[in-house]
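Visitor: I'm new to reading protein models. Could you walk me through this one, feature by feature?

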Amino acid sequence: MAFFEIQSIQKSFQPGQHVVSNFSISLQKGQITALVGESGSGKSTLLRILAGLENRDSGEVFLEGTRIQNPKEKLVPGYDEIQLVYQDYHLYPSSTVEENISRPLLQYDKAYKARRVKELLKLLDLEAFRDKLPRHLSGGQQQKVAIARALSLEPSVLLLDEPFSSLDGIQRRELIAELKDMFGNLGVTVLFVTHDLDDALQMAPELVIIQKGKLIQRGRPEEIFAKPKNLYAAKLFSHLNPVPEKNKTYVRPADVQLFKTSGMPAKVVDKQYLIHYNQLTVALQGGEKWLVEDKRRIFDTGERVFLKWEEALELILLG
Ligand SMILES: Nc1ncnc2c1ncn2[C@@H]1O[C@H](COP(=O)(O)OP(=O)(O)OP(=O)(O)O)[C@@H](O)[C@H]1O
């Protein structure tokens, strides 16, 4: 049995409507995994079940061979060893950073508590903010306080629910880099959920794709990119253009080459400047719209363009 073993979890809030459906994965100790899926795909529900904070209808969760009990089976739901960090931090607004971090350690002896809080403040680079209230911190710093608090009990599994969604681009990149290093050093097993593939790619070497509560695909990003199991998994990576007259066949914008004289004719109807290329919306002869990448930035709105792509790069995908 794996370190953290999740077997056939089923959950519905309304009869017949599964929010989590026959979901199984096993995680090794120290592994960092990103669970990626669109809003409403059951990610938060699954995390709460894994933390022992939400009843499952069936299936089992084991940590190091010990069965995780449902809240209804336990006087105090949840486990010190499995900590869940929420998207909106759930900090105590009138408590300082230090008090927030030490809250789970209430029943520990004073000397241990002081030592542990000091360690965590240092680990997360929060020493300068120890006496501040959460509202005086940036979003990234508040998220670090929430993570420090979750780490205070030395959990072996950390579940992060959309940890970066309220941070701006620079804050998130910095925090992701910092946390990735720290989790690696601590050897903690991390499952973090996100709807943002970029965050997932920056944080985790392995992805798990969830759609409507079902595990669609698990693997390294390059494997999923090259061989997505379905349209949903493929679309997490990029837009897909449907190939005319070929059923369920698509080509990625990056795989389409643009020419001035030969290829499939189209007309540029919109041009958007992006960092590495101009993104063009082109109308095909049948009226369908495609997105393509003008890496040389030579085409303008209203101009004719000709498209070519290699057949080998076409993706045949079911919904
Ligand atoms: N306590 C509840 N009672 C009834 N329905 C619920 C409850 N919790 C979640 N749901 C429903 O279950 C589905 C999955 O919700 P969940 O929050 O797990 O998805 P998610 O992938 O985390 O989405 P998001 O990223 O928007 O939080 C949604 O349709 C939601 O309305």
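Guide: Let's start with the ligand. The shell of residues around the ligand divides into two nonpolar, eight polar and one charged. Keep in mind throughout that this is a predicted model.

Visitor: Which residues are around the ligand?

Guide: They are Phe 13, Val 19, Gly 37, Ser 39, Gly 40, Ser 41, Gly 42, Lys 43, Ser 44, Thr 45 and His 195. When you sort them, remember that Gly goes with the polar group, while Phe and Val count as nonpolar and Lys as charged.

Visitor: Which helix gives the most to that shell?

Guide: That's helix H1, covering residues 43-50, which supplies three residues.

Visitor: Now the whole thing. How many helices and strands are there in the protein?

Guide: You can find eight helices and 18 strands. The C-alpha atoms fill a box of roughly 80 × 45 × 30 Å along the principal axes. Of the 319 residues, 35% are buried. Another handy number concerns contacts with a separation of 6 or more: 64% of them join residues 24 or more positions apart.

Visitor: What domains does the assignment give?

Guide: It gives domain 1, residues 4-232, and domain 2, residues 239-316. Their C-alpha centres lie 39 Å apart. A database record can be set beside that: UniProt, in an unreviewed entry, lists residues 4-237 for "domain: ABC transporter". Over residues 4-237, the chain is 34% helix and 26% strand, with 28 Å between the end C-alpha atoms.

Visitor: How do I read a sheet?

Guide: Here's the general idea: strands of a sheet pair through backbone hydrogen bonds, in either a parallel or an antiparallel way. In this model, four strands form an open sheet in the order S2-S1-S4-S5, with antiparallel pairing.

Visitor: Why do S2 and S5 each have one side without a neighbour in the sheet?

Guide: Strand S2 (17-27) and strand S5 (66-67) stand at the edges and each has a single partner strand, so one side of each is left without a neighbour in the sheet.

Visitor: And what does S1 pair with in the antiparallel sense over seven bridges?

Guide: Strand S1, residues 4-14, pairs that way with S2. To follow the pairing, trace individual partners: Lys 11 has Val 20 in S2 as its bridge partner, and Gln 14 stands opposite Gln 17 in S2. S1 also pairs with strand S4 (residues 58-63), again antiparallel, over five bridges. There, Ile 6 has Val 61 as its bridge partner.

Visitor: What about hairpins? How many residues lie between S1 and S2?

Guide: Two residues lie between them, and Gly 16 in the turn has a positive phi of about 80°. For another hairpin, go to S15 and S16, which have four residues between them; there, Gly 287 in the turn has a positive phi of about 100°. Strand S15 (residues 278-284) and strand S16 (residues 289-294) pair in the antiparallel sense over six bridges, with Gln 279 opposite Glu 293.

Visitor: Which residue in S1 has a positive phi although it is not a glycine?

Guide: Look at Ser 8, where phi is about 45°. Ser 8 lies in strand S1 and counts as partly exposed because it has 13 C-beta neighbours inside 10 Å. Asn 22 also isn't a glycine, and its phi is positive too, near 45°. Asn 22 sits in strand S2 and is partly exposed, with 14 other C-beta atoms within 10 Å.

Visitor: Is Asp 161 buried or exposed?

Guide: The trick is to count neighbours: a residue is buried if 20 or more other C-beta atoms lie within 10 Å of its own. Asp 161 has 21, so it counts as buried. Asp 161 lies in strand S7, residues 157-161. Leaving aside neighbours within four places in sequence, Asp 161 is in contact with several residues, among them Ser 44, Leu 47, Tyr 86 and Gln 87.

Visitor: Where is Gln 87 placed?

Guide: Gln 87 is in the loop between strand S6 (82-85) and helix H2 (97-102). With 17 C-beta neighbours inside 10 Å, Gln 87 counts as partly exposed. Besides Asp 161, the contacts of Gln 87 include Glu 162, Pro 163 and Ser 165. Try one last distance: Gln 87 and Val 193 are 106 residues apart along the chain, yet their C-alpha atoms are separated by 9.8 Å.

Terms used: Residues numbered from 1 in each chain as written. Predicted model: local features only at pLDDT ≥ 70, side-chain atom pairs only at ≥ 80, totals over all residues. Near = placed C-beta within 6 Å. Pairing = 2+ DSSP bridges. Domains from an automatic or database assignment. Buried ≥ 20, exposed ≤ 12 C-beta atoms within 10 Å, placed from the backbone. Contact = placed C-beta atoms within 7 Å. UniProt positions renumbered as here; feature names shortened; annotations may be inferred.
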